[in-house]
Amino acid sequence: VRRAWPEPLPLQYPEWLEPDVLISYTTALDVNNSTDTQGEALMLRVTDVLAQNGLSFYHGKMCPSGSSWKEQWFGRVRVARAAVVMLSPAYFTSESCVQELLELLRSDLAYKIVPVIVADPEGTKAAMKLETLTAFFKNSRLFKNSINETLITANFLKTMLGTANWLPPPQGVLCDDFDKHCAELVRQINRVVREPRTTCV
């Protein structure tokens with residue numbers, strides 16, 4: 001059954017250089033549909049909620065024209081105060097998304113990540129199985145490691161992401177009760193961003 005995703009509000013936001021929240025998401029939730037933008041639409045709706053609650057943020061769609069999205073996004077990892085990763089089976093088929101996730105898990109944000117399930121909870125959990133992640137890294141053009149390094153990377157991702165407070169708990173997806181789950185998302189982010197900002201050297 002195709003879900004009715006909430007439409008983003010017609011709001012424009014500045015390009016925050018040191019955002020409260022760094023967002024990692026995949027544009028499509030249906031990997032078999034090349035025109036699908038459900039993931040992007042849902043991400044924009046979430047950012048509306050963050051802005052309404054006084055939280056600044058950054059995501060790939062905010063990259064200035066002509067700039068490198070990687071430089072813009074990864075350049076904010078060390079200065080952001082929290083991260084939201086919007087997970088689905090499609091997320092774990094995207095090399096760019098997994099690269100973003102690994103960078104977050106290797107940074108000071110590792111314990112300030114809020115994973116949000118946005119589609120197919122069982123499929124998302126299956127995508128995070130060690131053997132599935134190992135196969136992904138083995139076949140990836142970005143992650144050219146030895147078999148041992150591949151296993152270590154897959155286990156690192158699975159273990160580190162497993163320590164976070166997932167939304168929504170324990171089953172379901174964000175849009176099952178969008179307002180309720182977004183309120184909890186804001187609560188978790190506010191708890192993190194109240195901590196003193198780490199000075200990067």
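Half of this chain is tucked away: buried residues make up 50% of the 201 residues in the protein chain. Please keep in mind as you read that this is a predicted model.

**Overall layout**

The secondary structure comes to seven helices and four strands. Read from the N terminus, the elements run β-α-β-α-β-α-β-α-α-α-α. The contacts reach across the sequence as well: taking those between residues at least 6 apart, 79% join residues at least 24 apart.

**Three helix pairs**

Let us turn to how some of the helices pack. The table sets out three pairs.

| Helix pair | Angle between axes | Axis distance | Crossing |
|---|---|---|---|
| α1 and α7 | about 60 degrees | 10 Å apart | right-handed |
| α5 and α6 | about 130 degrees | 9 Å apart | right-handed |
| α3 and α6 | roughly 70 degrees | within 10 Å | left-handed |

Begin with α1, which covers residues 38–52, and α7, which covers residues 178–193. At an angle of about 60 degrees, α1 and α7 are oblique to each other. On the α1 side, the residues in the contact are Leu 42, Arg 45, Val 46, Val 49 and Leu 50. They meet Phe 178, Cys 182, Leu 185, Val 186 and Ile 189 of α7. By residue type, the contact of α1 with α7 holds nine nonpolar residues, no polar ones and one charged. A general point about helices helps when looking at such a list: an α-helix has 3.6 residues a turn, so residues three or four places apart point the same way.

Next come α5 and α6, whose axes lie 9 Å apart at an angle of about 130 degrees. That angle makes α5 oblique to α6, and the crossing is right-handed. From α5, the contact draws on Leu 130, Leu 133, Thr 134, Phe 137 and Lys 138. From α6 it takes Ile 147, Thr 150, Leu 151, Thr 153, Ala 154, Asn 155, Leu 157 and Lys 158. The residues of the contact of α5 with α6 are mixed in type, with seven nonpolar, four polar and two charged.

Helix α6 also packs against α3, with axes that come within 10 Å and cross at roughly 70 degrees. That makes α3 roughly perpendicular to α6, in a left-handed crossing. Val 98, Leu 101, Leu 102 and Leu 105 of α3 make this contact with Thr 153, Phe 156, Leu 157, Met 160 and Leu 161 of α6. The residues of the contact of α3 with α6 divide into eight nonpolar, one polar and no charged.

**A mostly covered helix**

Helix α3 deserves a second look on its own. It spans residues 95–105 and is mostly covered, with eight of its eleven residues buried. The buried residues of α3 are Glu 95, Cys 97, Val 98, Glu 100, Leu 101, Leu 102, Leu 104 and Leu 105. What covers them includes the strands β1 (21–24), β3 (82–87) and β4 (113–117). The cover also includes the helices α2 (69–74), α5 (130–139) and α6 (147–161).

**Aromatic pairs**

The structure holds four aromatic pairs. In one of them, Trp 73 and Phe 74, the ring centres are 5.1 Å apart and the planes stand at 75 degrees, so the pair is edge-to-face. Trp 73 is buried, with a relative accessible area of 1%. Phe 74 is buried as well, with a relative accessible area of 19%, which falls under the 20% cut-off for that class. Another pair joins Phe 136 and Phe 137, with ring centres 5.5 Å apart and planes at 70 degrees, so this pair is edge-to-face too. Both Phe 136 and Phe 137 are buried. Of these, Phe 137 appeared above in the contact of α5 with α6. Trp 73 and Phe 74 also join Trp 69 in one aromatic cluster.

**A buried glutamate in α1**

Finally, back to α1, where Glu 40 lies. Glu 40 is buried, with a relative accessible area of 17%. Which residues does Glu 40 touch, not counting residues up to four places away in sequence? Glu 40 touches Tyr 25, Thr 26, Thr 27 and Lys 61.

Notes:
Residues are numbered from 1 along each chain as its sequence is written. This is a predicted model: local features need pLDDT of at least 70, side-chain atom pairs count only at pLDDT 80 or more; totals for chains, interfaces and linings use all residues. Side-chain values use heavy atoms; hydrogens and water are left out. Axes are lines fitted to C-alpha atoms, for helices over the stretch in contact, and angles run from 0 to 180 degrees between N-to-C directions. Helices (H or I, at least four residues) and strands (E, at least two) are DSSP runs, numbered from the N terminus. Angles under 35 degrees count as roughly parallel, over 145 as roughly antiparallel, 65 to 115 as roughly perpendicular and the rest as oblique. A crossing is left-handed if the near helix is turned anticlockwise from the far one by less than a right angle, and right-handed if clockwise. Contact means heavy atoms within 4.5 Å. Ala, Val, Leu, Ile, Met, Phe, Trp, Tyr, Cys and Pro count as nonpolar, Asp, Glu, Lys and Arg as charged, and the others, Gly among them, as polar. Rings of Phe, Tyr and Trp (its six-membered ring) pair if their centres lie within 6.5 Å; planes under 30 degrees apart count as stacked, over 60 as edge-to-face and the rest as tilted. Buried means under 20% relative accessible area, exposed over 50%, partly exposed in between (1.4 Å probe, protein chains only).
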